[in-house]
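Thank you all for coming. I would like to take a few minutes to go through one structure with you, and I suggest that you keep it in view while I talk.

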Amino acid sequence: MSKVISEKFSRERIFSRIRSSKQTPVELPDVPLYSIPGDPVENFIARLEGFDGKAVRFGSRAQALAWLLENIDLKGRVVYSAISDFNGNLQPESVADPHAAHVIDVCVAQGLMGVGETGSVWVTDESLGGAACALFSTDLYLLLDSRKVVDGIHTAYSQLDIRKAAYGSFFTGPSATADIEAVHITGAQGEISLTVLLYDK
């Protein structure tokens with residue numbers, strides 16, 4: 001019992017000292033927006049492909065959607081679409097419970113921003129139609145307006161308000177790991193392929 005009381009008093013003394021201490025406020029530093037040489041879109045494509053991702057360029061969103069229709073098997077695979085202008089064969093209500101998303105083979109969703117420096121695409125739970133739908137899929141297709149590709153990660157964060165979404169993440173290529181004997185494995189914890197469809201208008 002005495003040990004419990006002693007620990008309690010020790011804890012209270014520590015908390016009391018913390019509360020009584022007057023820390024001098026320190027302003028956050030100004031982080032410069034570092035200039036990234038080269039064309040942001042070209043950099044984005046090169047970095048994305050360096051992480052086993054794929055990029056396909058189109059003159060318009062309509063052309064990108066037509067390419068999807070030609071290249072995705074809507075009869076033989078379970079296709080989930082989180083965008084209004086492309087129809088999959090799995091209804092959104094079927095994956096209202098995130099656990100049900102394990103049946104998804106292909107997920108089509110909207111990328112919100114690209115980063116040339118890292119080949120990353122910013123997505124949110126809303127843009128993915130539920131994060132589980134993308135993470136459980138085998139093949140993930142993200143449409144991305146090429147005009148929303150910024151040069152570097154500092155620029156990206158200066159434009160983002162991460163408080164607006166419950167979930168937000170930069171996707172950089174498909175799931176991968178190299179933890180075991182430094183052997184690179186693609187598709188270790190999630191999708192095996194990530195294809196970004198870049199369109200100009």
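Before I describe any sheet, let me say that two strands are taken to pair if DSSP finds at least two bridges between them, and let me add that what you see is a predicted model. With that in hand, we can turn to an open sheet of four strands, which runs in the order β7-β4-β5-β8 and has mixed pairing. The edges are held by β7, residues 149-150, and β8, residues 168-171, each of which has a single partner strand, so one side of each is left without a neighbour in the sheet. Further in, β4, residues 113-115, and β5, residues 120-124, pair in the antiparallel sense over three bridges, and there you will find Gly114 standing opposite Val121 of β5.

Next, helix α3, which spans residues 61-71 and whose buried residues are Arg61, Ala64, Leu65, Trp67 and Leu68. Viewed down the axis of α3, these buried residues fall within an arc of 155°, so they line one face of the helix. They are covered by elements including β1, β3, β6 and β11, whereas the face of α3 turned away from the buried side carries Ala62, Leu69 and Glu70, which are exposed.

Finally, what lines the largest pocket? Its space comes to about 190 Å³, and among the residues lining this pocket are Met113, Trp122 and Thr124, together with Gln159, Asp161 and Lys164. Taken as a whole, the lining divides into six nonpolar, two polar and three charged residues.

How values were computed
Residues numbered from 1 in each chain as written. Predicted model: local features only at pLDDT ≥ 70, side-chain atom pairs only at ≥ 80, totals over all residues. Heavy atoms only, no water. Helix = DSSP H or I, 4+ residues; strand = E, 2+ residues; numbered from the N terminus. 1 Å grid on protein atoms, 1.4 Å probe; cavity = no way out; pocket = protein on both sides within 12 Å on 5 of 7 lines; lining within 4 Å. Points joined across faces, edges and corners; volume = space filled by probe spheres on them. Nonpolar A, V, L, I, M, F, W, Y, C, P; charged D, E, K, R; others polar. Buried < 20%, exposed > 50% of the residue type's maximum accessible area, 1.4 Å probe, protein only. Arc of directions from axis to C-beta. Contact = heavy atoms within 4.5 Å.
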